[in-house]
Every structure is written in structure tokens, then in C-alpha cells.
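Reader: I have a model open on my screen and would like to talk through a few of its parts. Could you take me through them?

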Amino acid sequence: MPVATTWVVIDDHGDHAEVGGLPSPDRVVCADSGVTLALELGLAIDVVVGDLDSVPDEDLRRAEQLGARIERHPTVKDRTDLELALHVAAADTDRLVVVGGAHGRLDHALANIQALASPALAGLEVSARLGPDDVHVVRGSRRLDLRIGATVTLLPSGGPARGITTTGLRYALEDGELEAWSARGVSNVVDDLPVVVGVRDGCLLVVVPTPDKDV
């Protein structure tokens, strides 16, 4: 039987990851130097995945001593450490939560967010806590645990998103559409609960920034 929730921990560049309010992990998979953050958070690490070129040796040894399985990959590879970790984590879980810092290298941040929307994860509930900000992947319909007044941005991923219907947002969509290049979905606001976001065709990234970073 799959575990309920798997955290995939990435490194903590930039803003420190804030984990309050997240569902507790039943399993923890670390992507390379995510080991350091997982140890700082006191998590029981199950698997460490990646080329392990950026994790401190002492942290890797400590994780292994505490029972973590180490999956080492070549430095020259076709997938990022996060993609490798997501592949391992998705094999036996219902929910994936990626946890890490934010505002490190822009290319890494963009690649990590894109990886969340991979079709390979389509059957799972996928979210991320990057620094203080949240990202939720929506295919089909998803109810989101948000607060009144929160800023919410809807971004299509991998192409246009069609048949978008929202409940609880100030600027409601009813069978709406967002093109891949469109910024129309930026800076919506939660006016009522519950918040439900649905999409008939395509994939949406629902980004919930912290209040002091509203656009």
C-alpha cells in the first residue's frame, strides 16, 4: 500500500524553507544537498538521490549512519537531481511535497518548478514549499487549503489550460482558458472558502506567494 505523503527535500539556497502547515511526511527522499536541510529539520531520511556533488561529506555520512539508502548517479546525466528524486518518490506514494529554499539560481528554480508538472506525476497530488511560498499542481480538480485574502496566481504549464473553473477567487473563471504565454492569471485573491481550482484540459501551477511579495 502506498505511503500517504512523501517529502522530497532539495537544497536550501536563498530564503530558508518554512515547513509549518505542511502534512507530516511518511517518507523522506533527499535530492543531493537536500540532505543538509533534512538533517536541520530533524527528518528521518529514507533515501538520498543524485550525483552527490554538492552535499557535504559529513552530512552524507550522518544520513547513511541514520539508515538512509544512498542512490548515487553520475555527474554527467540527462535528469536533474530533483527529477531523479521525484522518480524514486513517486514509485510508492499518494502525495508529493517538495520542500526547499528559494531564490538561488534562477535556472535551477525554473527547472525545479517545471519538474513538478511532469506528466509522470499526473496521478499524484503534487505541491511544493519553496522558501515561504507554495506551488500546487492542478490537473482535473483540486481543493486548496488557503486563507481569506491570500494572493493566488494561476499559470498554465506545458501548453494552454482550458476549461478552467474556480471557486472562492475574486476574479472567477467559469470554463475559462489561459494560453501558455498569458499573464492573465496573475494576482487573483481568495475571497471565500473553500477554494477549488479545476481544469478540463492541461495543467495549472497555482502559486501562493507570501503576502509581502504580492505583485
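**A serine in a loop, then two helices**

Author: Gladly! Serine 33 lies in the loop between strand 2 and helix 1. Keep in mind that this is a predicted model.

Reader: Is serine 33 buried or exposed?

Author: Buried means under 20% relative accessible area. Serine 33 has a value of 11%, so serine 33 counts as buried.

Reader: Which side chain makes a polar contact with that of serine 33?

Author: Setting aside neighbours within four places in sequence, serine 33 is in contact with Asp11, Ser54 and Val55. A polar contact of 3.5 Å links the side chain of serine 33 to that of aspartate 11.

Reader: Thanks! On to helix 2: why are Asp59, Leu60 and Ala63 on the same side of it?

Author: These three residues of helix 2 (residues 57-65) are buried. They share one side because they cover an arc around the axis of only 100°.

Reader: And which residues are exposed on the other side of helix 2?

Author: The buried residues of helix 2 are covered by elements including helix 1 (34-40), strand 3 and strand 4. On the other side of helix 2, the exposed residues are Asp57 and Gln65.

Reader: How many of the 10 residues of helix 3 are buried?

Author: Among the buried residues of helix 3 are Asp81, Leu82 and Val88. They belong to a set that packs against strands 1 to 5 and helix 4 (106-116). Helix 3 (residues 81-90) is mostly covered, and its buried residues number 7.

Terms used. Residues are numbered from 1 along each chain as its sequence is written. This is a predicted model: local features need pLDDT of at least 70, side-chain atom pairs count only at pLDDT 80 or more; totals for chains, interfaces and linings use all residues. Side-chain values use heavy atoms; hydrogens and water are left out. Buried means under 20% relative accessible area, exposed over 50%, partly exposed in between (1.4 Å probe, protein chains only). Helices (H or I, at least four residues) and strands (E, at least two) are DSSP runs, numbered from the N terminus. Contact means heavy atoms within 4.5 Å. The arc is that of the directions from the helix axis to the C-beta atoms. A polar contact is a pair of N or O atoms within 3.5 Å; within protein, one must be able to donate a hydrogen and the other to accept it, and residues adjacent in sequence count only if both atoms are side-chain atoms.
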